[in-house]
Amino acid sequence: MAILQKHGKNSCPDLASLKENPADNVGPAGAQKKWAESSQNWTRPVARIWTVVLLLGTCLLYCARVAMPICAVSMAERFSWSKRETGMVLGSFFWGYCFTQVLGGYVSDRVGGEKVMLLSAAAWGAMTAFTPILAHFCSQPIVSMTVSRFLMGLLQGVHYPSLASLCSQKVVESERGFLMSTVGSGSYLGTLVIGGIGSLMLDLYGWESVFYVSGLLSVLWSYCMWKYLLKGEGPIITLESLGSAGTQSKLSKRNLLRLFRQPAVCAVIITHLCTASTFFTLLSWLPTFFKDTFPDAKGWVFNVIPWFVAIPSSLFSGCLSDHLISQGFDTASVRKLMQFFSMGVSSVFTLFLCWTTTFPTAVAFVSATMGLTTFSHSGVSVNVQDLAPSCAGALFGVMNTCGAFAGVIMVYFSGYLIETTGSWASVFGLITVVNLLGLGTFLSFAEARRVDIDLAKGRYHNIHI
């Protein structure tokens, strides 16, 4: 608790000084008032309610995201798509996903992450529900599906930056690890739900039902969040809030650029880039690895068991990190410990796959790798909120954009290695090297002190002079 009190004392005077020194104030008074209001942390009961709601929202996010890969084979047969055309439809999502990360985080920092998340969820939920209609009534289904998946990527790209912004403004430092790890486990839960129930619906009712159900449930989630958590406030984003945001936008952009000169911020970006790219590579190539190495293995085993391990592992990492911080351990040291498990220990099990000869052993090593990887939810993913809670959404957007681009490149490069070397050891070795590079950077330069306040101090003093 001493650490929490120390951080609280460091941060509060700086925020309070904006009110005590009118000469140094920048921007309209209304904008400063909004910042003061948004800085109020949730009480523990309210935080628990939001945790459950955000967990369900992330689960539905992945249900809607994975609906197309689940139905891709059936849709390809229905509309006579080639492998290349199917790949174009699936890949268009990630290109859209890259472009709204920074914008979504920036807007979330200005008007509130819950508002951006709500609007985007209603939009991508409706888009998912209308997907079968677009496919059947468009003369060129390949075009309509490619465009719809690109728009899905654009709309879903704001989810995690807005989540980071919301968490940094509403959750105390000692509870952020649990919230982020719990909400992060929603991605694994959503993959399991749509993989199990979605596949069953696909067989019984056709591929259209998967889109209808996942889309309508997402819209229902958005309505319930607006009705019961936001108390039916409308309009969701007012002209006043947008006007206040516009007044502060230039200052925020300048601050964001200055943040990139901080070693701790650069370390967070590089580490997230490494962990995201290796995760995307494992996610993309592990099914092929099992099919090539163990052709007689049951697909549901290696597609389900690692995700069952990942969910409790993610929850455990959040509880552990928050417990250590509440017991007085240094926040930066706890973040580094979580990242060590995520990138260091997991790499050991990844290397073990190079010499695995039995299917049960391979499943065990993959499950351990995926489970340990989830510890990053309590490491680098939360560290950005420690460093710059005032612009955590925009900064997380930069991180996620870099990670998404790096992930696409590394997935393609891994395929090239498999074709040229004919060995999976080259891919697992590449994953290990990238993980160790990111881990070394994080252990060397990561911090947990706020760096956005120091920049704000300098900015106000310069204006006063």
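A salt bridge here is a side-chain nitrogen of Lys or Arg within 4 Å of a carboxyl oxygen of Asp or Glu. Side chains of opposite charge can pair when their charged atoms come close. Keep that in mind for E175 and R44, which form a salt bridge with their closest N and O atoms 2.6 Å apart. E175 sits in the loop between helix 8 (159–170) and helix 9 (176–205), while R44 belongs to helix 3 (residues 44–79), so this pair ties together parts that are 131 residues apart in sequence.

Before going further, a word on what you're looking at: this is a predicted model, where local features need pLDDT of at least 70 and side-chain atom pairs count only at pLDDT 80 or more, while totals for chains, interfaces and linings use all residues. Residues are numbered from 1 along each chain as its sequence is written, and side-chain values use heavy atoms, with hydrogens and water left out.

Now for the overall picture. The protein chain comes out with 19 helices and zero strands; helices (H or I, at least four residues) and strands (E, at least two) are DSSP runs, numbered from the N terminus. Of its 465 residues, 54% count as buried. Buried means under 20% relative accessible area, exposed means over 50%, and partly exposed is in between (1.4 Å probe, protein chains only). Then there are the contacts, meaning heavy atoms within 4.5 Å. Among contacts in the protein chain with a separation of 6 or more, 85% are between residues 24 or more positions apart.

Back to the charged pairs. A search of the whole structure turns up four salt bridges. In the E175 and R44 pair, the two partners sit in contrasting surroundings: E175 is buried, with a relative accessible area of 12%, whereas R44 is exposed at 52%.

The next place to look is D386. Its side chain meets that of R176 in a salt bridge (3.4 Å, N to O). D386 lies in helix 16 (residues 380–387) and R176 in helix 9, so the pair ties together parts that are 210 residues apart in sequence. D386 also forms a salt bridge with R335, and here the closest N and O atoms are 2.8 Å apart. R335 is in helix 14 (residues 331–352) and D386 in helix 16, so this pair ties together parts that are 51 residues apart in sequence. Put together, R176, R335 and D386 are linked in a network of salt bridges. Is this network's acid, D386, buried or exposed? At 3% relative accessibility, D386 counts as buried. R176 is buried too, and R335 is buried with a relative accessible area of 0%.

The D386 and R176 pair also leads to the packing of their helices. Two packed helices are described by the angle between their axes and the distance between the axes. The axes of helix 9 and helix 16 come within 10 Å and cross at roughly 135°. These axes are lines fitted to C-alpha atoms, for helices over the stretch in contact, and angles run from 0 to 180 degrees between N-to-C directions. That angle makes helix 9 oblique to helix 16; angles under 35 degrees count as roughly parallel, over 145 as roughly antiparallel, 65 to 115 as roughly perpendicular and the rest as oblique. On the helix 9 side, R176, G177 and M180 meet S381, V382, Q385 and D386 in helix 16.

What about the cysteines? With a disulfide taken as a pair of cysteine sulfur atoms within 2.5 Å, the count comes to zero. For C59, the closest cysteine sulfur is in C63, 4.3 Å away and too far for a bond. C59 is buried at 8% relative accessibility, while C224 is partly exposed at 32%.

Two other buried residues are worth a visit. T373, in helix 15 (residues 359–373), has a relative accessible area of 10%. Leaving out residues up to four places away in sequence, T373 touches F279, S342 and S346. N435 lies in helix 18 (residues 425–445) and is buried at 5%. With that same sequence cut-off, N435 touches C274, T275, T278, M343, S346 and S347.

Finally, swing round to S80, in the loop between helix 3 and helix 4 (83–99). S80 has a positive phi of about 60° although it is not a glycine, and it is exposed, with a relative accessible area of 62%.
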